[in-house]
Amino acid sequence: MSLLSKLRCITVDVTGTLIAYKGELGDYYCMAAKSVGLPCPDYKRMHEGFKLAYTEMAKKYPCFGHAAKLPTIVWWKTCVRNSFIKAGYDYDEETFEKIFRRIYASFGSSAPYSVFPDSQPFLRWARGEGLLVGLVSNAEYRYQDVILPALGLEQGSEWDFGVFSGLEGVEKPDPRIYKIALERAGKIAPEVTLHIGDSMRKDYLPAKSVGMQALLLDRFKTPDAVEWKKSGATVLPDLAAVQEFLTSGNKLTC
């Protein structure tokens, strides 16, 4: 008996599993600076500045400011300003406003993202097999409303429901986000639900902790995958391999 026959729902991580970033962060910050006649910021400094600023904002205002009722655009504006400052660029208010608007618009569109070739076929196949398909992502509302539809991953054709941290106020690796997903699927039993993601800490372990089945994707041949396998996780290279795995007689490792 295939694993597929035992499932009623599949939940899927988004970034790194269904879609990926195109290019480097610096590419978009560079384009924004050039749009107001300024030279490109240093890519390495910008990347490090963003990492620091994002980590601070995520700690101070988790889930993109959900609990503090901070508008998403204000959350990102603070994060982007601090990214520039930490990288050594302190623009005047008028200049920064123009740069920020360009960056915010870019990352609210499909431009910085690409869809893995097997994502849409896999999601449509799963729904065609009668499974409910949900997305579980640490992302803000624009993923659901703008970005995913613009990438051809639409609710109703590729997925049935979404659980996005910026809308729920709960983020991975908090197991509650997976409980929300089970509720949204119609209070479905965790043991007939499979979660697919690319992070042991954010996807595999919390999904398993609420009783769901889980497996990991290793699209980029990360060195961590060796330890994932040693710990007992099922690790597959892509969603095409997941489809084959689900229809075969293979069993998930625990």
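This section describes the overall fold, the cysteines, the first helix and two loop residues of a predicted model.

The protein contains 12 helices and 8 strands. Its radius of gyration is 19 Å, which agrees with the value near 18 Å that a compact globule of 254 residues would have. Along the principal axes, the C-alpha atoms fill a box of roughly 65 × 35 × 30 Å. Of the 254 residues, 48% are buried. When contacts between residues at least 6 apart in sequence are considered, 66% join residues at least 24 apart. The exposed surface amounts to about 12,100 Å², of which 54% is supplied by carbon and sulfur atoms. The charged side chains number 32 positive and 30 negative, and the centres of these two sets are 3 Å apart.

A search of the whole structure returned 1 disulfide. This disulfide is formed by Cys30 and Cys40, with a distance of 1.6 Å between their sulfur atoms. The two cysteines are 10 residues apart: Cys30 belongs to helix 1 (residues 25-35), and Cys40 lies in the loop between helix 1 and helix 2 (43-60). Cys30 is buried, because its relative accessible area of 8% falls below the 20% limit. Cys40, in contrast, has a relative accessibility of 32% and counts as partly exposed.

Cys63 and Cys79 were examined in the same way. The cysteine sulfur closest to that of Cys63 is in Cys79, at 15 Å, which is too far for a bond. The converse also holds, since the sulfur of Cys79 has its closest cysteine sulfur in Cys63, again at 15 Å and too far for a bond. A disulfide would require the sulfur atoms to be within 2.5 Å. Cys63 is buried, with a relative accessible area of 6%, and Cys79 is likewise buried, at 0% relative accessibility.

Helix 1 contributes several residues to the buried set. These are Leu25, Gly26, Tyr28, Tyr29, Cys30, Ala32 and Ala33. An α-helix has 3.6 residues a turn, so residues three or four places apart point the same way. The cover over the buried residues of helix 1 includes helix 2, helix 4 (72-86) and helix 5 (93-107). Cys30, the disulfide partner of Cys40, is therefore one of the buried residues in this helix, given its relative accessible area of 8%. Helix 1 is followed by Gly37, which has a positive phi near 80 degrees.

Two loop residues differ in their exposure. Pro223 is located in the loop between strand 7 (213-217) and helix 11 (224-230). With a relative accessible area of 68%, Pro223 is exposed. A distance of 32 Å separates the C-alpha atoms of Pro223 and Phe161, which are 62 residues apart along the chain.

Lys172 is placed in the loop between helix 8 (165-168) and helix 9 (176-184). Its relative accessible area is 5%, and Lys172 is therefore buried. The C-alpha atom of Lys172 is 8.6 Å from that of Val136, 36 residues away along the chain. Leaving aside residues up to four places away in sequence, Lys172 touches Asp13, Val136, Ser137, Asn138, Ile177, Tyr178, Lys202 and Asp203. Asp13 and Asp203, both among these contacts, carry side chains of the type counted as negative, whereas Lys172 and Lys202 are counted as positive.

Conventions. Residues numbered from 1 in each chain as written. Predicted model: local features only at pLDDT ≥ 70, side-chain atom pairs only at ≥ 80, totals over all residues. Heavy atoms only, no water. Helix = DSSP H or I, 4+ residues; strand = E, 2+ residues; numbered from the N terminus. Rg over C-alpha atoms; globule rule 2.2 N^0.38 Å. Buried < 20%, exposed > 50% of the residue type's maximum accessible area, 1.4 Å probe, protein only. Contact = heavy atoms within 4.5 Å. Areas by Shrake-Rupley, 256 points an atom, 1.4 Å probe, with all protein chains shown as cover. Charge placed at Lys NZ, Arg CZ, Asp CG, Glu CD.
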